[in-house]
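Trainee: I would like to learn how to read a protein model feature by feature. Could you take me through one, giving the general idea before the case in hand?

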Amino acid sequence: MIILPAIDILRGKCVRLYQGDAERHTVFGENPAAMAQRWEREGARYLHVVDLDGAFAGAPQNLDALRGILESVSIPVQFGGGLREINAVRRLFKMGVDRVILGTAAIEDAGLLNAAVGEFGRQVCVGMDLREGRVAVKGWLERSAVTPSDLLPRLERIGVGGVICTDIAADGTLSGPNIRLLDEMLT
């Protein structure tokens, strides 16, 4: 098992949201690059970085913070948050990101998902963030009609590199992962 420490960035700071609510957050650090260095020193082999402002705005907002992370560590970084255009995906790979995570775009823009996977293959992952059994979009603010059983077979056919599944009700609560949900995803 590989554990990927997460650095969620909101207004330039490292935070943890409570159940996806941007107004209910805890700040863990003022400097995302310093946090990334800390994770690397503690043995992390990979980092998961989310631009929360980007997820809410629909386009990446914390690229300077991401650049600082990429310049300060030698381990690979996956990045998501507001990736809703192919040029944004391309820009991230040029910056040195190892994988990208599409969330809203994977649900609302099949053309973008297909184009990204066609160009970058398994370096494209999908964030499947669930609220009450449905995939949430637009920074977890809206619940789509899509269920995991609708989405997972399509993602497998397309050939995405992986699926990052979050139970929004458990996220940030320090209650641990929703093992029942994860077990359902694997069967």
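Trainee: What covers the buried residues of H3?

Mentor: Before I answer, note that this is a predicted model, in which local features need pLDDT of at least 70 and side-chain atom pairs count only at pLDDT 80 or more, whereas totals for chains, interfaces and linings use all residues. Residues are numbered from 1 along each chain as its sequence is written, and side-chain values use heavy atoms, with hydrogens and water left out. Helices (H or I, at least four residues) and strands (E, at least two) are DSSP runs numbered from the N terminus, while a residue is buried under 20% relative accessible area, exposed over 50% and partly exposed in between, with a 1.4 Å probe and protein chains only. What covers the buried residues of H3, counting heavy atoms within 4.5 Å as contact, includes S1, H1, S4, strand S5 (77-80) and helix H4 (86-95).

Trainee: Which residues of H3 are the buried ones?

Mentor: Leu63, Ala65, Leu66, Ile69 and Leu70 are the buried residues of H3. They lie on the same side of H3, because they cover an arc of only 155° around the axis, the arc being that of the directions from the helix axis to the C-beta atoms. The face turned away from that buried side carries the exposed residues Asp64 and Glu71.

Trainee: How should I read helix H1, and which of its residues are buried?

Mentor: Apply the same reading to H1, residues 32-41, where Pro32, Ala33, Met35 and Ala36 are buried. Looking down the axis of H1, you would find these residues within an arc of 160°, so they line one face of the helix. That buried set packs against strand S1 (6-10), strand S2 (13-18), strand S3 (21-29), strand S4 (47-51) and helix H3 (63-72).

Trainee: What is found at the start of H1, and what phi does Gly43 take just after it?

Mentor: A polar contact is a pair of N or O atoms within 3.5 Å; within protein, one must be able to donate a hydrogen and the other to accept it, and residues adjacent in sequence count only if both atoms are side-chain atoms. At the start of H1, a side-chain oxygen of Asn31 comes to within 2.9 Å of the backbone nitrogen of Ala33. Just after H1, Gly43 has a positive phi of about 105°.

Trainee: How many residues does the largest nonpolar core have?

Mentor: A nonpolar core is a set of buried Ala, Val, Leu, Ile, Met, Phe, Trp, Tyr and Cys residues joined through side-chain atoms within 4.5 Å. The largest one here has 45 residues, and Ile7, Ile69, Leu102 and Leu113 are those with the most contacts inside it. A second, separate core has five residues, among them Val15, Leu17, Val50 and Leu52. Leu113, leaving out residues up to four places away in sequence, touches Leu102, Ala106, Val124, Val126, Arg154, Leu155, Ile158 and Val160.

Trainee: How many disulfides does the count give?

Mentor: A disulfide is a pair of cysteine sulfur atoms within 2.5 Å, and by this rule the count is zero. Take Cys125, whose sulfur is 13 Å from the closest cysteine sulfur, in Cys165, which is too far for a bond. Cys125 counts as buried at 3% relative accessibility, and Cys14 also counts as buried, at 3%.

Trainee: Why can charged side chains pair, and how many salt bridges does the structure hold?

Mentor: Side chains of opposite charge can pair when their charged atoms come close. A salt bridge is a side-chain nitrogen of Lys or Arg within 4 Å of a carboxyl oxygen of Asp or Glu, and the structure holds eight of them. One of them joins Lys13 to Glu30, with the closest N and O atoms 3.6 Å apart. Lys13 lies in strand S2 and Glu30 in the loop between S3 and H1, so this pair ties together parts that are 17 residues apart in sequence. Lys13 is partly exposed, at 31%, whereas Glu30 is exposed, at 55%.

Trainee: Where do Asp64 and Arg67 lie?

Mentor: Asp64 and Arg67 both lie in helix H3, three residues apart, about one turn of the helix, and their side chains meet in a salt bridge of 2.9 Å, N to O. Asp64 is exposed, with a relative accessible area of 63%, while Arg67 counts as partly exposed at 35%. In addition, Arg38 and Glu42 form a salt bridge at 3.1 Å, N to O, and Glu108, Lys138 and Glu142 are linked in a network of salt bridges.
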